Amino acid sequence: MDEKENIKERNEICSRTLKTGSRTYFFDARETRAGDYYLTITESKKNFSETGEITYKKHKIYLYKEDFSKFQSILDDMIRFIINEKGREVISERHQKDFKNHHTTYNQGIKDKDTQQKKTSDIKNFTDINFEDI
């Protein structure tokens, strides 16, 4: 086993995955060089280019043990705040069973530049479009 394989094997301790629509979250316990553990949280979001090519955009958070308590406290506070203000029910129309995505033609080939610019600007107005239904 070479040095890179040894470091990779030592670094990956425990992993959990959460798949939600076009996003996947990876929770990984990893090991520092000193032998302590830390947490990485990675959000991987599936995107489609104008040509229909699938890409993944990733964002990663490194969370060390000395920050666990404060992080958890703030996360718990924010979750309680949101639930107290808006309840547990998801109110986005895109999450309703009968919602029809009006932007389904976005990845089905764009005929001219004006149509392309219009559809692209429409899509930029949404922060979370589930392209898996397309």
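**Long-range contacts, salt bridges and a surface patch**

Of the contacts in the protein with a separation of 6 or more, 29% are accounted for by residues 24 or more positions apart. The structure described here is a predicted model. The protein has 134 residues, of which 18% count as buried. Its accessible surface comes to about 11100 Å², and carbon and sulfur atoms contribute 50% of that area.

The protein contains three helices and four strands. Read from the N terminus, these elements follow the order α-β-β-β-β-α-α. Strands β3 and β4 pair in the antiparallel sense, with eleven bridges between them. In this pairing, Ser44 stands opposite Lys58 of β4. The two strands β3 and β4 form a hairpin in which five residues separate them. Gly52 lies in the turn of this hairpin and has a positive phi of about 90 degrees.

Side chains of opposite charge can pair when their charged atoms come close. In the whole structure, a search finds four salt bridges. One of them joins the side chains of Arg23 and Glu43, with an N to O distance of 2.3 Å. Arg23 belongs to strand β2 (residues 23-31) and Glu43 to strand β3 (residues 37-48), so this salt bridge ties together parts that are 20 residues apart in sequence. Both partners fall below the 20% cut-off for burial. Arg23 is buried because its relative accessible area is 16%, and Glu43 counts as buried because its relative accessibility is 15%.

A salt bridge is also formed between Asp36 and Lys65, whose closest N and O atoms are 2.6 Å apart. Asp36 sits in the loop between β2 and β3, whereas Lys65 is part of helix α2 (residues 65-86). The pair thus links distant parts of the chain, 29 residues apart. Asp36 is partly exposed, at a relative accessible area of 35%, and Lys65 also counts as partly exposed, at 43% relative accessibility.

Within helix α2, a salt bridge connects Arg80 with Asp77, and the closest N and O atoms of this pair are 2.7 Å apart. Arg80 and Asp77 are separated by about one helical turn because they are three residues apart in helix α2. Arg80 counts as partly exposed at 46% relative accessibility, and Asp77 is partly exposed with a relative accessible area of 39%.

A nonpolar patch on the surface is formed by Ile61, Phe71, Leu75 and Ile79. Together, these residues have about 330 Å² of accessible area. Helix α2 gives the most to the nonpolar patch, contributing three residues. Ile61, a further member of the patch, is found in strand β4 (residues 54-64). Ile61 counts as partly exposed, with a relative accessibility of 42%. Its value lies above the 30% relative accessible area that patch residues must exceed, so Ile61 meets the exposure condition for the patch.

Several of these features involve the same elements. Helix α2 holds Lys65, the partner of Asp36, as well as the pair of Arg80 and Asp77, and gives three residues to the nonpolar patch. Strand β4 pairs with β3 and carries Ile61 of the patch, while strand β3 contains Glu43, the partner of Arg23 in β2.

How values were computed
Residues numbered from 1 in each chain as written. Predicted model: local features only at pLDDT ≥ 70, side-chain atom pairs only at ≥ 80, totals over all residues. Heavy atoms only, no water. Buried < 20%, exposed > 50% of the residue type's maximum accessible area, 1.4 Å probe, protein only. Contact = heavy atoms within 4.5 Å. Areas by Shrake-Rupley, 256 points an atom, 1.4 Å probe, with all protein chains shown as cover. Patch = residues over 30% accessible without salt bridge, like charges linked within 9 Å, V, L, I, M, F, W, Y side chains within 5 Å. Pairing = 2+ DSSP bridges.
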